[in-house]
Amino acid sequence: PERVALVDVGAAAVAATIVHDSVWRLSVTDSLLRTADSLGVGTPLGVLRARAGWRALRGEGNLVVQLPGHCGLSFRLRPSPAAARAADADAAVRRLPANTPVEEVFVVGCR
């Protein structure tokens with residue numbers, strides 16, 4: 001179990017995961033909230049793969065794409081069952097259809 005607070009951000013809500021009385025991560029599931037260059041929930045995977053330097057990571061049962069120009073953001077995908085089991089996350093993301101949508105954006109801060 002984890003503590004989560006819903007934070008009203010205008011027309012959308014963001015889930016803030018609290019660890020040791022501090023916000024550890026924000027979880028965005030509303031397509032109204034976008035980056036300055038319009039990335040967010042609903043963005044097709046092909047748009048992310050077209051960006052130079054993308055990389056895929058797996059953690060907490062998620063398959064995410066990170067972009068060098070978007071420090072602190074992870075774009076969680078809805079992978080196929082085969083992609084979810086693949087040993088190489090980058091290869092799994094390459095095999096997913098270009099229209100695979102971003103389902104959630106994790107915000108963890110940037111160092």
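User: How far apart, N to O, are the side chains of Glu 104 and Arg 76 in their salt bridge?
Analyst: This is a predicted model. Glu 104 lies in strand 7 and Arg 76 in strand 6, and the pair links distant parts of the chain, 28 residues apart. Their side chains meet in a salt bridge with an N to O distance of 2.7 Å.

User: Is Glu 104 buried or exposed?
Analyst: A residue is buried when its relative accessible area is under 20%. Glu 104 has 12% relative accessibility, so Glu 104 counts as buried.

User: Which residues are joined into one network by salt bridges that share partners?
Analyst: Arg 76 forms a salt bridge with Glu 104. Arg 76 also forms one with Glu 103, where the closest N and O atoms are 3.2 Å apart. Through shared partners, the network joins Arg 76, Arg 78, Glu 103 and Glu 104.

User: Which residue forms a salt bridge with Asp 37?
Analyst: Asp 37 sits in the loop between strand 3 (22-28) and helix 1, and its partner is 14 residues away in the loop between helix 1 and strand 4 (55-59). Asp 37 is partly exposed, at 33% relative accessible area. The closest N and O atoms of the pair are 2.8 Å apart, and the partner is Arg 51.

User: Is the disulfide of Cys 71 and Cys 110 right-handed or left-handed?
Analyst: The structure holds one disulfide. Its sulfur atoms, from Cys 71 and Cys 110, are 1.8 Å apart. Cys 71 is in the loop between strand 5 and strand 6, while Cys 110 is in the segment after strand 7. The torsion about the S-S bond is about 105°, so the disulfide is right-handed.

User: Which residues touch the most other members of the largest nonpolar core?
Analyst: This core has 22 residues. Helix 1 (45-49), strand 5 (62-66), strand 6 (73-77), helix 3 (89-95) and strand 7 (102-107) each supply at least two of them. Val 65 has contacts beyond four places in sequence that include Leu 45, Trp 54 and Leu 73. The residues touching the most other members are Leu 48, Val 65, Phe 75, Leu 77 and Val 93.

User: Over the ring of which residue does the charged end of Arg 25 sit?
Analyst: The structure holds zero aromatic pairs. The charged end of Arg 25 does sit over a ring, 4.4 Å from its centre, and that ring belongs to Phe 106.

Key:
Residues numbered from 1 in each chain as written. Predicted model: local features only at pLDDT ≥ 70, side-chain atom pairs only at ≥ 80, totals over all residues. Heavy atoms only, no water. Phe/Tyr/Trp six-rings, centres within 6.5 Å; stacked < 30°, edge-to-face > 60°. Lys NZ or Arg CZ within 6 Å of the ring centre and 35° of its normal. Core = buried A, V, L, I, M, F, W, Y, C linked by side-chain atoms within 4.5 Å. Buried < 20%, exposed > 50% of the residue type's maximum accessible area, 1.4 Å probe, protein only. Helix = DSSP H or I, 4+ residues; strand = E, 2+ residues; numbered from the N terminus. Contact = heavy atoms within 4.5 Å. Disulfide = S-S within 2.5 Å. Salt bridge = Lys/Arg side-chain N within 4 Å of Asp/Glu carboxyl O.
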